[in-house]
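Let's walk through how the two chains of this model sit against each other. Have a look at the fold first, then read on.

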There are 2 protein chains.
Amino acid sequence: MGSRREKTQTLGLIGFGAFGQLAARTLAAHFDIRVCDPARAHTTLPCGRSLRMTTLEDAAGCDVVVLAVPVARLRHLCGVIAPMLRKGALVLDVGSVKVLPVRVMREVLPADVDIVGTHPLFGPQSAASGVQGHKIVVCPVRGDRHRQVAAFLRHLGLQVITDTADAHDRELAVVQGLTHLIAKVLVGLGPLPDRMTTASFDLLREAVDMVRDDPPTVLHAIEVSNPYAATVREAFFTGASELQQRLDM
Amino acid sequence: MGSRREKTQTLGLIGFGAFGQLAARTLAAHFDIRVCDPARAHTTLPCGRSLRMTTLEDAAGCDVVVLAVPVARLRHLCGVIAPMLRKGALVLDVGSVKVLPVRVMREVLPADVDIVGTHPLFGPQSAASGVQGHKIVVCPVRGDRHRQVAAFLRHLGLQVITDTADAHDRELAVVQGLTHLIAKVLVGLGPLPDRMTTASFDLLREAVDMVRDDPPTVLHAIEVSNPYAATVREAFFTGASELQQRLDM
């Protein structure tokens with residue numbers, strides 16, 4: 001996958017939102033990329049080599065198929081592309097949760113394609129100057145090509161963490177759940193001060209700025225589609241309410 | 001204050017907690033420092049020049065007197081040292097709120113001493129490798145020596161923000177109020193993940209680590225002694241509760 005010998009492998013990228021565009025820029029040097037976005041008929045493409053807009057059928061017929069649509073649309077998409085996939089293709093998703101997408105892909109995609117779940121723990125904001133050094137989670141689903149995928153991602157300079165979808169969702173319920181909850185609450189308070197600030201507040205504001213422009217579908221995936229998110233949220237709100245009572249006594 | 005000509009000025013540092021010790025390290029090269037801590041009879045001093053433990057009377061009789069005790073103890077301390085202060089002395093506090101300490105110092109300290117309120121927007125954690133580049137707020141209270149103080153602090157490499165106690169408390173109610181609230185809630189949730197983390201979560205955790213070891217007196221000053229803290233807290237908890245309802249629908 002992506003080595004010199006396989007340079008001409010085709011990669012179908014389905015979904016061309018903020019993350020899909022980052023993926024295209026990152027992968028353009030390694031694959032013949034075919035982009036399709038069911039939600040964007042008239043997208044202007046950035047000037048990248050090996051990058052052209054195509055039909056869903058063409059993108060789904062590639063050697064490697066990356067599903068970069070919102071988690072809530074994954075089941076529908078899998079149903080539509082199932083008959084279009086090439087035998088022996090490798091299908092990957094990039095969703096912010098893993099238990100649900102992995103189950104959907106396993107159930108809906110044909111038995112003769114390999115499947116790998118991934119979650120890049122970065123986005124257009126945090127990886128603005130490149131993906132090197134950032135983390136990505138890889139969940140083996142069907143077949144053993146997750147090893148090739150992990151090796152390729154390491155070659156890109158990423159830190160690869162291979163684990164189960166369940167372990168991912170447990171840990172990310174805290175990591176992303178709390179970050180997005182706190183960001184959402186702080187953004188709701190209006191513009192944050194930037195003059196008399198402490199180092200810790202500067203870090204907090206930087207964290208908020210990194211996720212405040214994430215599309216609503218990301219918050220939805222993190223807070224609603226992660227089976228462990230409600231428990232973490234509950235603990236956060238309970239802790240907040242206990243602290244409120246203590247301070248207002 | 002602190003220039004070559006005035007190198008032999010005496011500075012009485014009253015209070016030798018974590019911040020008092022940082023102040024002593026930072027100021028030792030510029031003053032003949034006399035440290036007194038009413039709460040620590042047997043403190044082991046770090047080896048610093050111009051640094052010796054002394055009586056409250058001796059510390060309060062210096063050219064410059066820095067009050068580094070918890071805000072809640074400031075009124076009592078001012079009452080005790082009022083008759084010990086030298087005519088023309090400069091008295092400064094370093095508390096995390098300013099409206100209350102400034103009022104107390106103005107009311108309780110004798111009319112013939114100059115007074116400046118300060119709030120160093122850093123602590124032993126954030127300024128572990130030095131105070132250079134950090135921020136400090138200076139509030140003029142009585143006399144015009146706040147200008148000398150500001151010039152000296154700039155000479156130390158600090159960014160000086162001069163403003164009123166009221167402006168300080170309004171802005172810091174958000175800056176410190178929110179940071180400490182969030183840190184307190186997160187610390188209460190137990191150990192935070194450090195494996196599958198995003199850049200924004202890493203920043204959040206770093207912010208929490210910076211304030212998690214602050215003494216309880218700091219949280220008390222920030223949340224209880226700042227007249228604007230309750231309003232900010234209320235807005236945060238209301239925002240959290242609204243978000244909770246939206247997500248649990």
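**How the two copies meet**

All of the interface residues of chain B, 100%, are also interface residues in chain A, so the copies meet through the same surface. Contact here means heavy atoms within 4.5 Å, and on that count chain B brings 50 residues and chain A 51 residues.

A word on the ground rules: this is a predicted model, where local features need pLDDT of at least 70, side-chain atom pairs count only at pLDDT 80 or more, and totals for chains, interfaces and linings use all residues. Side-chain values use heavy atoms, with hydrogens and water left out, residues are numbered from 1 along each chain as its sequence is written, and chains are lettered from A and ligands numbered from 1 in the order in which they are written.

Now the symmetry. A turn of 180° with a shift of 0.0 Å along the axis lays chain B on chain A with an RMSD of 0.0 Å (least-squares superposition on the C-alpha atoms of residues with pLDDT of at least 70 in both). The two copies are thus related as by a two-fold rotation axis.

Together the chains bury about 4,800 Å², with 73% of that on carbon and sulfur atoms; the figure is the accessible area (1.4 Å probe) that two parts lose on being put together, summed over both.

There are also four salt bridges between chain B and chain A (a side-chain nitrogen of Lys or Arg within 4 Å of a carboxyl oxygen of Asp or Glu). One of them joins the side chains of Asp163(A) and Arg195(B), at 2.8 Å, N to O.
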